[in-house]
Amino acid sequence: MEILTKLKADELDVQNVRGQGYDNGANMSGKYHGVQAVILNKNNLATFIPCAAHCLNLSGVHAASPNGKVQFFFDVIQKIYTFFVKSTTRWKILMDTLKISLKGHSDTRWASKAQAVKAMNSQIKEVFKVLQNISDSELNLETKSTAKNLLQLINFDFLCLLNIWNQILSSIDRVNQALQNKSLSLEKSFQFATRA
C-alpha cells in the first residue's frame, strides 16, 4: 500500500500514528477494506476522522441539491460557460472582452463552483453584452438562437442568486482553503473555528 510505503520511506513509524483522515470514499474510509482498515489493522490507535474539507464540500452539495431553483441557477452558469468553450470563435469573442476567463464547475467540488460563480459575478455585464452581440451577429442561426436563449436566462432571479451564491461560496471557499492548509494544527483550527 502506497501510504505505508511512503511512511516507511519518510522514516515514520505507523505505530506512532494517532489519527487518519480521508474523504468519505469507500476505498479510503472503508471500515473493512479501505485504507482506514489497513492502517487500523497495523495500529488500532490510528483513529479515522473524515476529512473536514471534504465534509464541508459534501454539506454544500447536499444542502443545495433538493432546491430546484439552485440547481437551475448552477445549470445556467454551466450552460453559458459551455456555450463559449465549445467554439474557438465564440471563446475568442468572449476573451477579447473579459479580464478573466469564465470557469466551468463540477457538481461535487464546491471550490469549482466558487470559481465559476466568482468569474461570472464579476463580469456579468460583459458576458451579457457579448451574448447580445452574438445574437445580433452574422454567425449561424443556431449560435444566434442559443445566445438569445441564454440572454433570457439572465433575469432578475439569476442575478440575485449570482450575488447571493458568490457571497456564500466565497465564505465556503475561504474555510475550505484554510482546512487544507499544510501548516494547519489543532490549535490553529480551533482558533479558526471560533472566529468563523
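Leaving aside its neighbours within four places in sequence, which residues is F84 in contact with? Select F84 and take a look; keep in mind as you go that this is a predicted model.

**Stop 1: around F84**

Show the side chains around F84 and you will find R90, W91, L94 and L102 in contact with it. V127, V130, L131 and I134 complete the set, once neighbours within four places in sequence are left aside.

**Stop 2: the largest nonpolar core**

Now add W165 to your selection. Together with F84, W165 touches the most other members of the largest nonpolar core, which has 33 residues. To see where this core comes from, colour helix 4 (52–64), helix 5, helix 7 (110–122), helix 8, helix 9 and helix 10: these are the elements that give two or more residues to it. Helix 5 provides the largest share, with 9 residues. Some general background fits here: in soluble globular proteins, nonpolar side chains tend to be buried together.

**Stop 3: a second core**

Next, select L7, V17, Y22 and A46. These residues are among the 9 that make up a second core, separate from the one you just visited.

**Stop 4: helix 8 against helix 9**

Select residues 124–135 for helix 8 and residues 141–153 for helix 9. Their axes lie 8 Å apart, and the two helices pack at an angle of about 145 degrees. The crossing of helix 8 with helix 9 is left-handed. Turn on side chains to see who meets whom: helix 8 brings F128, L131, Q132, I134 and S135, while helix 9 brings T143, K144, A147, K148, L150 and L151. By type, the residues of this contact are 6 nonpolar, 3 polar and 2 charged. You may recognise L131 and I134 from the first stop, where both were in contact with F84.

**Stop 5: the salt bridges**

The last stop takes in 3 salt bridges.

- Pick K69 and D157, whose closest N and O atoms are 3.7 Å apart. This pair links distant parts of the chain, 88 residues apart: K69 sits in helix 5 (residues 68–85) and D157 in helix 10 (residues 156–179). K69 is exposed, with a relative accessible area of 55%, whereas D157 is partly exposed at 41%.
- Move to D10 and K6, which form a salt bridge with their closest N and O atoms 3.3 Å apart. D10 counts as partly exposed because its relative accessibility is 40%.
- Finish at D96 and K92, where the closest N and O atoms of the salt bridge are 3.0 Å apart. Both D96 and K92 are exposed.

Notes: Residues are numbered from 1 along each chain as its sequence is written. This is a predicted model: local features need pLDDT of at least 70, side-chain atom pairs count only at pLDDT 80 or more; totals for chains, interfaces and linings use all residues. Side-chain values use heavy atoms; hydrogens and water are left out. A salt bridge is a side-chain nitrogen of Lys or Arg within 4 Å of a carboxyl oxygen of Asp or Glu. Buried means under 20% relative accessible area, exposed over 50%, partly exposed in between (1.4 Å probe, protein chains only). Helices (H or I, at least four residues) and strands (E, at least two) are DSSP runs, numbered from the N terminus. Axes are lines fitted to C-alpha atoms, for helices over the stretch in contact, and angles run from 0 to 180 degrees between N-to-C directions. A crossing is left-handed if the near helix is turned anticlockwise from the far one by less than a right angle, and right-handed if clockwise. Contact means heavy atoms within 4.5 Å. Ala, Val, Leu, Ile, Met, Phe, Trp, Tyr, Cys and Pro count as nonpolar, Asp, Glu, Lys and Arg as charged, and the others, Gly among them, as polar. A nonpolar core is a set of buried Ala, Val, Leu, Ile, Met, Phe, Trp, Tyr and Cys residues joined through side-chain atoms within 4.5 Å.
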